[in-house]
Amino acid sequence: MKQMHITETVLRDAQQSLIATRMPFADFEAVLDEMDQAGYHSVECWGGATFDSCLRYLHEDPWERLRKIKSHMKNTKLQMLLRGQNLLGYHHYSDDTVRRFVRKSIENGMDIIRIFDALNDMRNIEVAVQECIAAGGHAQGCICYTLSPIHNLDLFVSLGKQIEEMGCHSLCIKDMAGIMSPKECFELVSALRENISLPIYVHTHATTGLGYMTYLKAAEAGAAGIDCATSCFSGGTSQPATESLVYTLAQMGFDCGVDTKILKKVNDFFIPVQQRFAASGVFDPYVLSTKTDALVYQIPGGMLSNLVAQLKAQNAIDKLDAVLAETPRVREDLGYPPLVTPLSQMVGVQATVNVLLGERYKSIGKEIKSYIRGEYGKAPGSIDAALAEKVLGGEQPLTTRYADTLEPEFDKAKEYLGGRAESEEDVLSYIAFPQQAEQYFDIRDAEKPFVAQYTIREVG
C-alpha cells in the first residue's frame with residue numbers, strides 16, 4: 001500500500017488563515033494528548049504569525065507555548081514555518097540571530113523546520129538550513145509557488161536542485177494562495193521527482209477551490225505528504241479537510257497512517273472553539289467562501305483574512321475589491337515576487353495605500369523601499385523603472401546577500417534588556433519583535449507575585 005504523510009495544521013496555518021492566529025494555548029491544551037495518538041506525520045504548531053500573535057495579542061511566551069505543546073507530543077513530530085533570514089519577522093536578521101533562533105527552536109522541542117525565502121532567493125535560507133542540520137533537526141527547504149511570466153517548470157526544478165545541494169532532508173512546494181492547479185501540481189511533483197531524490201511535500205490552501213483536486217494529483221505524482229486541517233477549521237483560506245482527504249486517499253490505495261476515530265475526536269473538540277470565534281466575529285464567514293479571483297490576484301489565506309480585518313478597522317471594507325485589483329499591479333511593478341510573508345503583507349499594504357490615497361505610490365512604505373534597494377534579496381523579475389528611480393534616486397540596488405552587511409545583534413540586545421531577559425529565548429523574542437516583546441515582559445513582570453523582604457531584629 002502506498003504511503004501518504006499527513007501534516008495537521010489546525011494549531012498554526014489553519015487558525016492563522018481563518019482567525020488571524022488568535023487561538024490561545026488554553027483553547028487546545030486539553031486535546032493535545034488525543035492529537036498525539038492520531039498518527040499524524042507531524043503537527044504544525046509554530047512559526048508564521050504565531051510568535052507575533054502570542055506576544056502582541058495573547059500575552060503568552062511563544063517559547064513556553066512550544067515547550068508545553070512538546071510535553072504532550074511524545075509520538076508526533078512538531079513542525080514550524082521559518083522565513084529564512086527573516087525568521088518570524090518582517091526584515092532580515094543577522095546570521096548570529098538566525099543560528100541562535102534555529103538552535104533554540106530545536107532545543108525547545110521543534111523537530112521539522114520548513115524554511116523558505118519569500119523571493120526564492122536560496123542565499124537567504126542557507127544559514128537556517130545549516131544550523132537546523134547541525135542542531136539535529138529536519139530541514140525542509142521550500143519552493144514558493146507562484147504564477148507569473150517568469151516562473152516556470154524549469155525555474156522551479158532548478159530551485160529544487162539548489163535545495164537538495166544545500167543538504168535539506170526534504171522539499172516542500174509551498175502554494176500559499178491555493179493557485180496551483182491539479183495539472184500544474186502533477187507536472188511539478190513529477191518533474192522534481194525526476195530530477196532530485198528528496199521526499200516532496202505539498203502545501204496548498206482551499207481558497208480557490210482547487211486544493212482537494214490538487215492534493216489528489218500530488219498523491220498520484222508520488223508526493224510524500226500533504227498539509228491538511230481538521231474539518232471545522234478547514235476550507236476557504238485554510239487547508240483542505242484532513243478527514244475528507246484521508247477518506248478519499250484510502251479508497252485510492254494510500255495509507256495515511258492515521259486513526260480516523262481519533263480524527264473525529266479532534267474535530268469534535270475544536271467545533272465549540274470554532275463556534276466561539278464565529279460568535280465573537282473573529283471568524284468571519286467571508287474567508288470560508290471560494291475565491292476564484294485569487295487565481296488572478298494570488299493573495300494567500302492569512303493575508304486575505306488580515307486584509308479584511310485591516311479594512312474593517314479603517315471603515316473601508318467597501319474598498320476591498322479595489323485593493324484586490326490593485327495587488328497584482330503592485331506585484332508586477334515589483335518584479336513578480338511570490339505573495340508570501342513578508343512580501344505578501346508588503347504588497348498588500350502598498351496596494352491598500354494606493355487605493356485609499358487615490359494615487360499610486362503617493363506614499364511608499366519603508367519595507368517596499370528596502371525591497372527595491374535589494375535588502376530582501378534578488379527580485380525575481382525587473383522592478384518598474386520609474387518606481388525604482390523614485391526610491392533609489394540613481395543609486396544602485398544591493399546585489400550581494402544583505403545579511404552579510406549586518407552586524408551581530410544578540411549581545412547588544414542582551415545587554416540592553418539586562419535583567420528583564422530571563423533567558424536567551426527572551427532576547428530572541430525581543431530581537432524579533434522589540435515592542436511586542438517589551439510589552440509582554442511588562443505584563444509578565446506585573447503578574448509576578450510581590451515578595452516583601454524583611455529582617456526580624458531581636459530587641460532587648
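These legends describe close-up views of one predicted protein model.

**Figure 1. The whole chain, with 20 helices and 10 strands.**
The radius of gyration of the protein chain is 22 Å, close to the 23 Å that the globule rule gives for 460 residues, so the chain is as compact as a globular protein of that length. Along the principal axes, the C-alpha atoms fill a box of roughly 95 × 60 × 45 Å. Of the 460 residues, 58% are buried. The accessible surface comes to about 19,000 Å². Carbon and sulfur atoms hold 51% of that surface. Take the contacts with a separation of 6 or more: 76% of them join residues 24 or more positions apart.

**Figure 2. Helix H3, a mostly covered helix.**
H3 spans residues 50–58. Seven of its nine residues are buried. Which ones are they? They are Thr50, Phe51, Asp52, Ser53, Cys54, Leu55 and Leu58. These buried residues pack against several elements. Among them are helix H1 (13–19), strand E3 (42–47) and helix H5. H4, H19 and H20 are also packing partners of H3. Look just after H3 for histidine 59, which takes a positive phi of about 55 degrees.

**Figure 3. Where H3 meets H4.**
Helix H4 covers residues 62–72. At what angle do H3 and H4 pack? The angle is about 115 degrees, and the two axes lie 9 Å apart. H3 brings Phe51, Cys54, Leu55 and Leu58 to the contact. H4 brings Pro62, Trp63 and Arg65. By class, the contact has six nonpolar residues, one charged residue and no polar ones.

**Figure 4. Helix H19, another mostly covered helix.**
H19 runs over residues 424–432. Eight of its nine residues are buried. The buried stretch includes the acidic pair Glu425 and Asp426. Val427, Leu428, Ser429 and Tyr430 are buried too. So are Ile431 and Ala432. What do the buried residues of H19 pack against? Their partners are H3, H4, helix H5 (95–107), helix H18 (410–417) and helix H20 (434–447).

**Figure 5. Threonine 214 in helix H9.**
H9 covers residues 211–221. Is threonine 214 buried or exposed? Its relative accessibility is 0%, so threonine 214 counts as buried; the cut-off for buried is under 20%. The side chain of threonine 214 reaches the backbone oxygen of methionine 180 at 2.7 Å. Now set aside the neighbours within four places in sequence. Threonine 214 is then in contact with Met180, Ser181, Pro182 and Cys185. Methionine 180 thus appears both in this contact list and at the end of the 2.7 Å reach.

**Figure 6. Threonine 21, a loop residue with positive phi.**
Threonine 21 sits in the loop between H1 and helix H2 (32–36). Its phi is near 60 degrees, a positive value in a residue other than glycine. How accessible is threonine 21? Its relative accessibility is 3%, so this loop residue counts as buried.

**Figure 7. Tyrosine 336, in the loop between H14 and H15.**
Helix H14 covers 320–333, and helix H15 covers 343–357. Tyrosine 336 lies in the loop between them. What is the phi of tyrosine 336? It is near 60 degrees, a positive value in a residue other than glycine.

Technical notes: Residues numbered from 1 in each chain as written. Predicted model: local features only at pLDDT ≥ 70, side-chain atom pairs only at ≥ 80, totals over all residues. Heavy atoms only, no water. Axes fitted to C-alpha atoms, helices over the stretch in contact; angles between N-to-C directions. Helix = DSSP H or I, 4+ residues; strand = E, 2+ residues; numbered from the N terminus. Contact = heavy atoms within 4.5 Å. Nonpolar A, V, L, I, M, F, W, Y, C, P; charged D, E, K, R; others polar. Rg over C-alpha atoms; globule rule 2.2 N^0.38 Å. Buried < 20%, exposed > 50% of the residue type's maximum accessible area, 1.4 Å probe, protein only. Areas by Shrake-Rupley, 256 points an atom, 1.4 Å probe, with all protein chains shown as cover. Polar contact = N/O pair within 3.5 Å; in protein donor to acceptor, adjacent residues only side chain to side chain.
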